[in-house]
Number of protein chains: 2
Amino acid sequence: MYRTHKCSELRIEHVGQEVTLSGWLATSRDLGGMTFIDLRDRYGITQLLFNMDDDADLCGRARKLGREFVLRITGVVSERSSKNPNRPTGDIEIQVKTLEVLNAAKTPPFTIEENTDGGDDLRMKYRYLDLRRDKVQKNIIFRSNLALETRKYLTSQDFVEVETPFLIKSTPEGARDFVVPSRMNKGQFYALPQSPQTFKQILMVGGLDKYFQIVKCFRDEDLRADRQPEFTQIDCEMSFVTQEDILNTFEGLTKHLFKATLGKELGDFPRMFYDDAMKLYGSDKPDLRFDMQFVELNDVAKGKGFGVFDSAELVVGICAKGQATEYSNKDIKKLTEWMQRPQIGAKGLVYVKFTADGVKSSVGKFYSDEDLQAWGKLYGAEEGDMLLVLSGETEKTRKRLNELRLEMGRRMGLMKEGDFKPLWVLDFPLLEWDEDSNRFHAMHHPFTSPKKNDVERMLNGDHETMKALRADAYDLVINGVEIGGGSIRIHDRELQSKNFDLLGFTKEEAEAQFGFLLGAFEYGAPPHGGIAFGFDRLCAVLNGQNSIRDFIAFPKNNQGRDMMIDAPSPIHGEQLEELGIDLKKEEVV
Amino acid sequence: MYRTHKCSELRIEHVGQEVTLSGWLATSRDLGGMTFIDLRDRYGITQLLFNMDDDADLCGRARKLGREFVLRITGVVSERSSKNPNRPTGDIEIQVKTLEVLNAAKTPPFTIEENTDGGDDLRMKYRYLDLRRDKVQKNIIFRSNLALETRKYLTSQDFVEVETPFLIKSTPEGARDFVVPSRMNKGQFYALPQSPQTFKQILMVGGLDKYFQIVKCFRDEDLRADRQPEFTQIDCEMSFVTQEDILNTFEGLTKHLFKATLGKELGDFPRMFYDDAMKLYGSDKPDLRFDMQFVELNDVAKGKGFGVFDSAELVVGICAKGQATEYSNKDIKKLTEWMQRPQIGAKGLVYVKFTADGVKSSVGKFYSDEDLQAWGKLYGAEEGDMLLVLSGETEKTRKRLNELRLEMGRRMGLMKEGDFKPLWVLDFPLLEWDEDSNRFHAMHHPFTSPKKNDVERMLNGDHETMKALRADAYDLVINGVEIGGGSIRIHDRELQSKNFDLLGFTKEEAEAQFGFLLGAFEYGAPPHGGIAFGFDRLCAVLNGQNSIRDFIAFPKNNQGRDMMIDAPSPIHGEQLEELGIDLKKEEVV
């Protein structure tokens, strides 16, 4: 037997008991005649005491042990003379009687502590050591709990967890598919799913009524900052539902998860149309932890002789409360430069400060104080506040102002830890016109239904009509992060075919790729819709963290590599032979 | 709103209420002035009534509806005149007021009934229709429940569910790996995991202490009868444990699953050493629903002049209770022929019948009645019983007799539905010598530890010693089906290296493939061990069924094809280009 107790369990009431513990040597201190060792396992830390007077040999052996050695000890629980109130086991220590080294350890390349000295690459390579850090373990355990609570809640609502296949068919968005050559069907390939979308719809046609799955999905794309080639979704679908049913169900799930894991009660989630989100926040995922809504100034700022505004499609700004005196001209210049970086691309930045000394503005020579005071009124600005105003083409200007709003929120400390502001964003555009490829793209995906009122227009409308169609689609946003998105699906073959047409599929392509789904729609497909939550992201947001990597046990780096196992890697020629594939000459390694 | 109630919910106390239901038209009957429709959803069936006298137009429309049409109706719950006690909603019916066809349906290619007229291929192609069958839905829902109960139990025991990666590294048993070409690292490949083995061991080195995961695994092998290229495991690993700890934990899990899903209490599981299982049942997964143990006859059957037995390494038989009069000479001849088929390959079959008329045997001329009576005593045979005896090389003869024992069990009706006989089989051989490749193979896998007493012999023994090493490995068998298997792992670098040597790895190969694990063992790896259950198989066994396919929502056929989506399939040339691979000429399709 390796242990009678975990390293978290012993208390003052165990004093006098003989116990066996196993774990890692976290720290060791020699105090002349005594040696103290902190023994660590997943559950906690217990202090071990070795006494020269009691057993010089044993104490001598204990002194030779290094960090991260794996030990089994037996000993007697005793009360500490100097207690540690910060540790659950801090009232006791173990007077060790026997000591066995279960495994030795080389000195770790970085310290196993809250704030480790290990860089990212080193920690990824020695992930097994990084995983011993309390913070990383807490994240992994949090993730496990969050998954369990998700499952408990959804099954309590009659959802069935169904495993959909991983070896599926490559889709037209194939460039992002990972493919898998088939040995038994040489020259043919499976693809790994980017999502179980078509399968969950098939399950609805199959009468499963309420489906969910916590499932890995795969996307072979150039990895930006915080993406992973494999990621996890809470994937859901329901039959005989409207948007309202779905929002209620998954608002319920989200509330449950916050309550069960953080003990936090969230109120009812506000809802906002996509168009309003873009107009008021310049983003389809506004961070509602702070206000600072956009106010458009076209009516009051144009026609006063300031050419930049006069020629702009949109003049729009935000009000930064209490910032008038915080920003010197030099600060404003820096902020303007920040906005002019290529990532954002603003041409300039107009400010209006309302100070005790009156109104000050970079466009003071074009506008009277009364003009500017009138602007201020539109924002509810008071003395001490500062307007920041951008102008230009509508869409771009909104995007830039969104960046500025978020930056000001950060600088002003308005994104408070532990503050959670969920939001439903509704009624996205159905289709986006892409000038480059001269065709429509699906804003959500090709299976999304238009709003009921738009069905007729979609079936019979002209090209311009298509641009105005609204989708029965919705996103859940928390603190400016998109947690999930979904839609009511098309369940009618004719409408689905029309959508494929609009998206530039030939009849043959549509049939080859999605014939099974079009076929299924002919055999009694119920109205249905669903949603998918990004599970990695949800873990991070609930913990107020930005990086999903800290919530994945074995993440890949930005080149899609697993640094620990060193994958991907070349494979044997015989394996290629068996699969019926060759490397292109220039790729032979 | 699509429904106020599910099709399973309405009872006599709802009479008079107006309700809305949605579902599929299961059956329809015209009785002159009235039309009855059974409306079906996942939860149940409710009878709808359309009355010519009440609303001729509505009734007329109802008569035109076909099977599997998707309907929404509103109506009033009323008490039936002729109740159906076999259906939970059998006391009521709905007098329909409004009817909306949500979707039409073509006539399904097979009937959506318990015993469908659809063949396997047709049902796989139209899986969305097959999924509407009550039996298939029950299986899928059972699977979902079983997974949830597994998770509840294991998390209650401090297990953490950790997602291990799907894009990993190809291993030396690589011929069975599915590989995934990397676009970002051209010429290199990921592999899909055959199991998360090394990752779960790394998690133990990382201090996670108790890990589990319900996870898809992949094996690209020729598909025998009931295998799938992707299959699901309950995968587990624990630190600081002995075999005893693991058996207790997973016996606990198994008992919980039987109790939670079937309401069945299983007693404590018997345990049997591998050697005894082979000797007594000729199998490492004996079916203990019936007895019929092997009894070896070498001592009593040899040296009496019957050359076949005299020259045999082993003479061994079973006793079929009460079968003496059931088997005519012709029946015995047929049974002998069954045993002589190439799949089994027995040369002959000796019988001894104990009848009211005395002993009768195919080897009567070599043995006296007293000789044969003495055999009978060894089996505890009584009048009416029949011995069936085989002889030959030990291992082969045991295997053949195992087949015969199982066949007799089937014929004699000894494998009773609802009877569950679990068994732990312990201490498998560590290594198997393979004459063809002239090297050892790991019987379980290369990470399995020898029994503690065998470690010294393994490190220092000669070739013959290696053959006799026992592994600290165990299988859980239920009703003759292997449900799971596992082992205590090696956690010492030296011992693991020795094992790789024995298995024919060069130092370089071992380092290239498993360097990360060998490295991890140097940084304080704890003693650990684990187990994996075949989840698909577990679903089938709990339901007394043989085929795992019925418990998989979207199974593949014996050629590894998904018949519904028609995968695998060719991919575009540009995709190959991007991946840096070519098809071999003969595979271009």
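**Entry 1: burial and an aromatic pair**

I count a residue as buried when its relative accessible area is under 20%. I am working from a predicted model, so I keep that in mind throughout. By that cut-off A:Phe554 is buried, because its relative accessible area is 5%. I looked up B:Phe199 next, and at 2% it is buried too.

I picked these two from a search of the whole structure, which gave 51 aromatic pairs over all chains. The ring centres of A:Phe554 and B:Phe199 are 4.9 Å apart and the planes meet at 70°, so I noted the pair as edge-to-face. A:Phe554 comes from the loop between α17 (535-542) and α18 (573-579) of chain A, while B:Phe199 belongs to helix α5 (residues 197-205) of chain B, so this pair joins two chains.

**Entry 2: the helix that holds B:Phe199**

How many residues of α5(B) are buried? I found nine of its nine, so to speak a mostly covered helix. Among them are B:Phe199, B:Ile202, B:Leu203 and B:Met204, and also B:Lys200 and B:Gln201.

I then asked what these buried residues pack against. From chain A I listed β1 (18-31) and α3 (127-130). From chain B I listed β9 (210-218), β10 (230-239), α16 (507-520) and β22 (528-534). Just after the helix, I saw that B:Gly207 has a positive phi of about 85°.

**Entry 3: the interface as a whole**

I moved on to the contact between the chains, which takes 124 residues from chain A and 124 residues from chain B. The two chains bury about 11300 Å² between them, with 59% of that on carbon and sulfur atoms. Which three residues supply more than any others of the area that chain A buries against chain B? They are A:Glu163, A:Phe240 and A:Tyr523, and together they supply 7%.

For polar links I noted 16 salt bridges across the interface of chain A and chain B. I also noted 69 residue pairs in polar contact across it. On the side of chain A that touches chain B, helix α4 (residues 134-156) gives the most, with nine residues.

**Entry 4: salt bridges between the chains**

A:Glu163 turned up again here: its side chain meets that of B:Arg143 in a salt bridge, N to O at 2.8 Å. Another salt bridge brings together A:Asp220 and B:Arg183, with N to O at 3.4 Å. I traced that pair from the loop between β9 (210-218) and β10 (230-239) of chain A to the loop between β7 (179-181) and β8 (189-191) of chain B. Buried or exposed, I wondered, are A:Asp220 and B:Arg183? Both are buried.

**Entry 5: salt bridges within a chain**

Over all chains my count came to 110 salt bridges. In chain A, A:Arg123 bridges to A:Asp120, with the closest N and O atoms 3.4 Å apart. Both lie in helix α2 (residues 120-125), three residues apart, which is about one turn of the helix. A:Arg123 is buried, because its relative accessible area of 15% falls under the cut-off. I followed the links onward and found a salt-bridge network of A:Asp120, A:Arg123, A:Arg127, A:Asp130 and A:Arg133.

In chain B I looked at B:Lys255 and B:Glu251, whose side chains meet at 3.6 Å, N to O. They are about one helical turn apart, because they sit four residues apart in helix α6 (residues 243-262). I noted B:Lys255 as partly exposed at 24% relative accessible area, whereas B:Glu251 is buried at 7%.

**Entry 6: B:Ser170**

I found B:Ser170 in the loop between β6 (160-161) and β7 of chain B. With 7% relative accessibility, B:Ser170 counts as buried. Where do the polar contacts of its side chain go? One reaches the side chain of A:Gln575 at 3.1 Å, and another joins B:Asp177 at 2.8 Å. Leaving out residues up to four places away in sequence, I listed its touching residues as A:Ile571, A:Gln575, B:Asp177, B:Val179, B:Ala191 and B:Gln513.

**Entry 7: more rings**

Back to aromatics before closing the notebook. Ring pairs link A:Phe306, A:Phe309, A:Phe366, A:Tyr367 and A:Trp375 into a cluster. I also checked for charges over rings. The charged end of A:Lys353 sits over the ring of A:Tyr351, 5.3 Å from the centre. In chain B, B:Lys6 lies over the face of B:Tyr43, and there the distance to the ring centre is 4.6 Å.

Methods: Residues are numbered from 1 along each chain as its sequence is written. Chains are lettered from A and ligands numbered from 1 in the order in which they are written. This is a predicted model: local features need pLDDT of at least 70, side-chain atom pairs count only at pLDDT 80 or more; totals for chains, interfaces and linings use all residues. Side-chain values use heavy atoms; hydrogens and water are left out. Rings of Phe, Tyr and Trp (its six-membered ring) pair if their centres lie within 6.5 Å; planes under 30 degrees apart count as stacked, over 60 as edge-to-face and the rest as tilted. Buried means under 20% relative accessible area, exposed over 50%, partly exposed in between (1.4 Å probe, protein chains only). A charge sits over a ring if NZ of Lys or CZ of Arg is within 6 Å of the ring centre and within 35 degrees of the ring normal. Contact means heavy atoms within 4.5 Å. Buried area is the accessible area (1.4 Å probe) that two parts lose on being put together, summed over both. A salt bridge is a side-chain nitrogen of Lys or Arg within 4 Å of a carboxyl oxygen of Asp or Glu. A polar contact is a pair of N or O atoms within 3.5 Å; within protein, one must be able to donate a hydrogen and the other to accept it, and residues adjacent in sequence count only if both atoms are side-chain atoms.
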